[in-house]
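Grab a pencil and keep the viewer open. Here are a few exercises to work through, each with its solution right below.

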Amino acid sequence: SAGVVAPRTTTTVPQRSISSVLWVGDSVAADLAPAIGAALGAAGVDVTNGARDGVHLAPTAADDDPRGFYGPMLAAAGVDAVVVQLSYWDAPAATDQLVASFTWFRDTVVSAGADLVFVTPPPVRTDLVDPRFDGVVSIAADLAATDPTHVQLVDTTSLWGTEMRRDLDADGAPDRKPDGVHVCPQGAARFAAWFVDALDARFDGLTPAFPSA
């Protein structure tokens, strides 16, 4: 569907059947949400879009507590899997706070009977790169490694690459927006087709459809 195979990043892959997904993340995830809904819907999976501008998992200020945003959403979701695209907004948070927040999120999802899938975001333009974001991905990877039955990490590097490119296949239609952060409709469609295959490799219950569907 996208010309590449999404790699598995854990050795134990749960083959639980899923029929419903909550998609969450920041404004980049919001760009991807319409295509995610279309692709997963065509594959037989219901999607609830919980992506919002600027949201993240760890507090970055004294009056900032993402649990107030995510707590009610997760409690009401009633889905088989929660998919969270990791956010660059989490990069400035202290490591202990990241661990506590990500662990709370994992525990809340799993206690609701759902599986958790972390997804790495597309790269941003060079002047916005924050090396601290590597720590965010590392914490998600640790959670996936310690609980592979319930937690997965999907690395999207094979699709997006390691540097921001506006046109991934030089077809003249942009995949990324001019700000070097967000995603155009074609890039969203490309990602969604790729991501359905990634979920299909990890879970039962999906029937990936050709992108025209």
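The exercises below go from the overall fold to the nonpolar cores of this predicted model.

**Exercise 1.** Work out how many helices and strands the protein has, and in which order they run.

*Solution.* Start with the tally: five strands and six helices. Now walk along from the N terminus, and you'll read β-α-β-α-β-α-β-α-β-α-α.

**Exercise 2.** Compare the radius of gyration with that of a compact globule.

*Solution.* First, take the 213 residues: a compact globule of that length would come out near 17 Å. Next, look at the protein itself, which has 16 Å, so the two agree. Then check the box around the C-alpha atoms, roughly 45 × 40 × 30 Å along the principal axes. Finally, turn to contacts with a separation of 6 or more: 77% of them join residues 24 or more positions apart.

**Exercise 3.** Find the residues that touch the most other members of the largest nonpolar core, and say which elements feed it.

*Solution.* Begin with burial, meaning under 20% relative accessible area: 48% of the 213 residues qualify. The largest nonpolar core has 35 residues, and Trp23, Phe191 and Phe195 touch the most other members. Among the elements giving at least two residues each to this core are strand E1 (20–24), helix H1 (27–42) and helix H6 (185–200). Zoom in on Phe191: beyond its neighbours within four places in sequence, its contacts include Trp23, Leu32, Ile36 and Trp160. Last, don't miss the second, separate core of 29 residues, with Tyr70, Val79, Leu143 and Val151 among them.

Terms used
Residues numbered from 1 in each chain as written. Predicted model: local features only at pLDDT ≥ 70, side-chain atom pairs only at ≥ 80, totals over all residues. Heavy atoms only, no water. Helix = DSSP H or I, 4+ residues; strand = E, 2+ residues; numbered from the N terminus. Rg over C-alpha atoms; globule rule 2.2 N^0.38 Å. Buried < 20%, exposed > 50% of the residue type's maximum accessible area, 1.4 Å probe, protein only. Contact = heavy atoms within 4.5 Å. Core = buried A, V, L, I, M, F, W, Y, C linked by side-chain atoms within 4.5 Å.
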